[in-house]
Amino acid sequence: EEFAGILPEDENEEKSNSYVSECLIESDLELLFPPLYVPDGNERILLYRELDSITNDADLKKFHAKMKDRFGQMPKAAEELIRTVSLRHKAKELGIEKIYLKGGRMNLFLVDGRSPYYESELFGKILAHLPASEFKCNMRESDGRCIITVENVKNVETAAAFIEELQRL
């Protein structure tokens with residue numbers, strides 16, 4: 001009886017802090033397991049599915065170690081692909097629905113403008129931090145949603161560094 005209401009309240013609290021259900025990434029970067037690295041096409045598809053189902057950094061590290069053990073040292077395209085999984089999860093926690101990594105620039109599309117996200121402490125911290133960021137970035141509004149543009153993002157590693165900077169706020 002003493003702990004009867006704890007679990008449902010915790011679940012509701014977690015849902016209220018989650019403004020985004022999924023973060024999508026669109027990129028012109030080479031993000032894949034090259035055929036020379038994983039020769040069997042069916043096996044590559046299974047690996048992509050397994051990678052997409054990973055939900056935490058510990059499992060991502062296990063997947064990375066398994067790949068190196070089975071196929072050897074990873075090519076850059078495979079390393080960058082694996083980094084996108086962590087990038088997506090971290091961006092989702094920050095209220096980012098889409099990430100475009102194209103032409104050396106990153107656009108972060110925040111949740112719809114009607115969301116309570118824009119009244120949150122998190123959004124306030126992000127807004128206050130952008131002018132002080134070590135990255136050259138700006139924010140604009142388009143079709144009722146905020147878009148943060150970050151210049152000179154040539155790879156997923158740089159994109160992740162910016163997202164991690166925002167996470168530390």
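Over residues 8–16 the pLDDT, the predictor's confidence in each residue on a scale from 0 to 100, stays under 50, and for this stretch the model has zero contacts, meaning heavy atoms within 4.5 Å, beyond four places in sequence. Where pLDDT is low, the predicted coordinates should not be read in detail. The structure is a predicted model, in which local features need pLDDT of at least 70 and side-chain atom pairs count only at pLDDT 80 or more, while totals for chains, interfaces and linings use all residues. Residues are numbered from 1 along each chain as its sequence is written, and side-chain values use heavy atoms, with hydrogens and water left out. The chain averages a pLDDT of 90, and 90% of the residues score at least 70. Confidence is lowest in helix α1 (residues 6–17), with a mean of 46, and highest in β2, at 97; helices (H or I, at least four residues) and strands (E, at least two) are DSSP runs, numbered from the N terminus.

The largest nonpolar core, a set of buried Ala, Val, Leu, Ile, Met, Phe, Trp, Tyr and Cys residues joined through side-chain atoms within 4.5 Å, has 29 residues, of which I96, I99, M106, I148 and F162 touch the most other members. Here buried means under 20% relative accessible area, exposed over 50%, and partly exposed in between, with a 1.4 Å probe and protein chains only. At least two residues of this core come from each of α4 (76–93), β2 (96–102), β3, α5 (121–129), β5 and α6 (156–167), and α6 gives the most, with six residues. A second, separate core of 14 residues includes F33, Y37, V38 and V85.

Strand β3 (residues 105–112) also contains N107, which is buried, with a relative accessible area of 16%. The side chains of N107 and T149 are joined by a polar contact of 2.7 Å, that is, a pair of N or O atoms within 3.5 Å, where within protein one must be able to donate a hydrogen and the other to accept it, and residues adjacent in sequence count only if both atoms are side-chain atoms.

The structure holds 12 salt bridges, each a side-chain nitrogen of Lys or Arg within 4 Å of a carboxyl oxygen of Asp or Glu. R88 forms one with D52, the closest N and O atoms being 3.1 Å apart; because R88 lies in helix α4 and D52 in helix α2 (residues 41–52), this pair ties together parts that are 36 residues apart in sequence.
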